[in-house]
Amino acid sequence: KQTLLPLLKEEVPSFVFPCKLAVQRPERRHMVMELLRCIPLLLFLLFVCGLDHFIFTVLSVIQHHSFIEYSYQASHHLSVNVMGTSLMAELLRGTIGALNTSFESEMETSNLVCLPRPTEMTRQQYLSTCLPLGLLALLCVAQVYPFRLRRAIAAFYFPKREKARVLFLYNKLLRQRKHFLHLQRSRVARQARLPPELGTVLLRWCRRRWPWLRRCLRQKCTLCGTPETPQHQPCPNPDCFALYCESCW
C-alpha cells in the first residue's frame, strides 16, 4: 500500500525479501540456532576421532615395545661304561649299553602372535567420517531458501488465511509506525533542548562562511544518521539546523 511503501530503514531488517540471495536478519537467527545444534555432533565426532587416535597410539606403542623373543637350547648325554671281561660284564654291556643316548634340542619362540596389530585410519576415512556433518552444516545454511516458499505454498492452498495475515501485518505496521513517529519526535525534541557542542557550532559556522565546504563537511540525518545527499530535506524552521533524509522526512 502507498501508506506503507517505501519501508523505513528501521523496518527493512524485520522482513524477508524472497528475491534476495543474501541471508537476511530474520533468517540468520534461525540459521545460527540450527548451526548451534550441530555443535554437540561436532564435539562428539572430535571426541571419537581423538579417542581412535589415542587407542591406536597406545596399541602401537605396545606392539613396538612389548615384543619378546625366547631362545631355548638343551643337550642330554648318557653314557654307561661297564669295565671287565667276565661273562657278567659282557651281559651288562649288552643290556645297559643300549641306554647310552645323546640328545640336543634348540627352540626359538616369541609373543608376536599375542601382540596387537592396530590399523590407523587414513585421511580419506577421516574425510568420509566428517563429510556428513559438513553436509548437515551446509543444509542448515541453504535451508533458508526453500523455507521462503512456505508462505507462497500456504497462500496457494489457503487464500483467505493469507488475506487475513496480510491485513494483520498491514495494521501492525501502521501501529508500529505511528508509535515510532512519536518516539522519534520525542527524541528529536530532547536533542533540540540540549545546548549544541563546540564542534557542531564550529561546523555550522564553517558551512555558512564557506558554502563550498559543504561537499566535505556533510551533515547527517537527525534520525537515521545517513550522510547528506541532495535529496535530504532541511527543517523549514530557520532557527533549526536539523536535516532529514527522504524516507525519514
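Is Gln73 buried or exposed? Gln73 counts as exposed, because its relative accessibility is 57%. The model on screen is a predicted one, and the stops below lead from the whole chain to single residues and back.

**The whole chain**

Begin with the protein chain displayed as a cartoon. Seven helices and four strands can be picked out in the protein chain. Followed from the N terminus, the elements come in the order α-β-α-β-α-α-α-α-α-β-β. Colouring by relative accessibility is a useful second view: of the 249 residues in the protein chain, 18% are buried.

**Strands β1 and β2**

Select residues 69–78, which form strand β1. None of the 10 residues of β1 is buried, so the strand lies largely in the open. Now add residues 101–110, strand β2; the two strands run antiparallel and are joined by 10 bridges. One pair to label is Ser71 with Glu108, its bridge partner in β2.

Gln73, the residue of the opening question, is also found in β1. Place a distance label between the C-alpha atoms of Gln73 and Ser105: the two are 5.6 Å apart in space, although 32 residues separate them in sequence.

Move next to Leu99, in the loop between α2 (87–96) and β2. Leu99 is partly exposed, since its relative accessibility is 49%, and exposed would require over 50%. Its C-alpha atom is separated by 7.4 Å from that of Val80, a residue 19 positions away along the chain.

**The annotated spans**

Select residues 38–62 and 126–145. The UniProt record, an unreviewed entry, gives both spans the feature "transmembrane region". In the model, residues 38–62 are 100% helix and 0% strand, with 36 Å between the end C-alpha atoms. Residues 126–145 are 95% helix and 0% strand, and here the end C-alpha atoms are 30 Å apart.

**The cysteines**

Show the cysteine side chains as sticks. How many disulfides does the structure hold? The number is zero. A disulfide is a covalent bond between the sulfur atoms of two cysteines. Centre the view on Cys49: the closest cysteine sulfur belongs to Cys130 and is 5.0 Å away, which is too far for a bond. The cut-off applied is 2.5 Å. Cys49 counts as buried because its relative accessibility is 17%.

Cys140 is the next selection. Cys140 takes part in no disulfide, and its nearest cysteine sulfur, in Cys38, lies 3.9 Å away. Cys140 is buried as well, with a relative accessible area of 5%.

**The largest pocket**

Switch to a surface view. Rolling a probe the size of a water molecule over the atoms shows where empty space is left. The largest pocket has a volume of about 1400 Å³. Its lining comprises 34 residues, of which Phe15, Val16, Arg151, Arg165 and Leu169 are the closest to the centre; selecting these five will bring the view to the middle of the pocket.

Which helix gives the most to the lining of the largest pocket? It is α6, with 11 residues. To see the helices around the pocket, highlight α1 (25–65), α4 (144–147), α5 (149–157) and α6 (159–193), each of which supplies at least two lining residues. Colouring the lining of the largest pocket by class gives 19 nonpolar, four polar and 11 charged residues.

**Along α6 and towards the C terminus**

Stay on helix α6 and select Arg185, which lies in it. Arg185 counts as exposed because its relative accessibility is 56%. Add Leu223 to the selection: the C-alpha atoms of Arg185 and Leu223 are 9.4 Å apart, and the two residues are 38 apart in sequence.

The last selection is Gln231, found in the loop between α7 (198–209) and β3 (233–234). Gln231 is partly exposed, since its relative accessibility is 45%. From the C-alpha atom of Gln231, draw a distance to that of Cys245: the separation is 6.7 Å, for residues 14 apart along the chain.

Notes
Residues are numbered from 1 along each chain as its sequence is written. This is a predicted model: local features need pLDDT of at least 70, side-chain atom pairs count only at pLDDT 80 or more; totals for chains, interfaces and linings use all residues. Side-chain values use heavy atoms; hydrogens and water are left out. Buried means under 20% relative accessible area, exposed over 50%, partly exposed in between (1.4 Å probe, protein chains only). On a 1 Å grid over the protein atoms alone, a cavity is a set of points where a 1.4 Å probe fits but cannot get out, and a pocket is an open set with protein on both sides within 12 Å along at least five of seven lines; lining residues have an atom within 4 Å of a point. Grid points are joined across faces, edges and corners, and a volume is the space filled by probe spheres set on the points. Ala, Val, Leu, Ile, Met, Phe, Trp, Tyr, Cys and Pro count as nonpolar, Asp, Glu, Lys and Arg as charged, and the others, Gly among them, as polar. UniProt positions are given in the numbering used here, feature names are shortened, and annotations may be inferred rather than shown by experiment. Two strands pair if DSSP finds at least two bridges between them.
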